[in-house]
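Q: I have a model open and would like to learn how to read its salt bridges and its pocket. Where do I begin?

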Amino acid sequence: KSEEGGVVSRNKAKAELAQHLAEDPLPLRRAKINQEAAVKKAERATIAAAAAVEASVVARANAEEATRQSAAAKAAAEAAVREAEARVAEAEAFLNEVKKKPGQAQGAIWWIEREIQETRNYLPESKGGVRRK
């Protein structure tokens with residue numbers, strides 16, 4: 001632009017160039033620094049998000065394993081309850097059989113029945129307990 005045209009055009013071009021060179025480069029530098037800082041911040045956020053995703057995958061796997069273990073423990077507990085109920089019924093049947101035979105120690109039988117009754121007093125009705133008055 002400064003090579004072509006008349007003297008006024010060339011001097012105008014020189015003046016614009018001088019103004020441009022004399023301008024304070026601070027806003028441009030500030031913008032560049034801010035942009036680099038924003039890029040770094042975004043990179044840190046990306047790394048943190050990736051770590052959070054990885055941690056959530058591990059936590060989900062642990063939760064699923066705990067759910068499976070819980071289900072297995074629940075099944076085992078239910079089986080143990082059924083086994084215990086069967087043994088209690090068997091013991092009560094044996095006690096009734098022994099009570100029918102003559103010549104048994106009535107005090108011992110009374111004591112066993114008392115212990116059974118005391119145990120049932122503290123069980124909920126849904127588990128075979130009796131309603132307290």
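The turns below take the salt bridges, then a single lysine, then the pocket.

Q: How many salt bridges are there?
A: This is a predicted model. A salt bridge here needs a Lys or Arg side-chain nitrogen within 4 Å of a carboxyl oxygen of Asp or Glu. By that rule the count is six.

Q: How far apart in helix α2 are E64 and R60?
A: The two residues are four apart, which puts about one helical turn between them. Their side chains form a salt bridge at 3.2 Å, N to O. R60 is exposed at 57% relative accessibility, while E64 is partly exposed at 37%. R87 and E83 are also four residues apart in helix α2, and their salt bridge is 3.0 Å, N to O.

Q: Which parts does the pair E113 and K99 tie together?
A: The side chains of E113 and K99 meet at 2.4 Å, N to O. E113 belongs to helix α3 (residues 106–121) and K99 to helix α2, so the salt bridge links parts 14 residues apart in sequence. E113 is partly exposed, at 29%, and K99 is partly exposed, at 35%.

Q: Is K41 buried or exposed?
A: Exposed means over 50% relative accessible area. K41, in helix α2, has 58%, so K41 is exposed.

Q: What lines the largest pocket?
A: The lining consists of V81, A84, E85, V88, R120, L123, K127 and G128. Helix α2 (residues 26–100) gives the most, with four residues. By type, the lining has four nonpolar, one polar and three charged residues. The pocket holds about 170 Å³ of space.

Key. Residues numbered from 1 in each chain as written. Predicted model: local features only at pLDDT ≥ 70, side-chain atom pairs only at ≥ 80, totals over all residues. Heavy atoms only, no water. 1 Å grid on protein atoms, 1.4 Å probe; cavity = no way out; pocket = protein on both sides within 12 Å on 5 of 7 lines; lining within 4 Å. Points joined across faces, edges and corners; volume = space filled by probe spheres on them. Nonpolar A, V, L, I, M, F, W, Y, C, P; charged D, E, K, R; others polar. Buried < 20%, exposed > 50% of the residue type's maximum accessible area, 1.4 Å probe, protein only.
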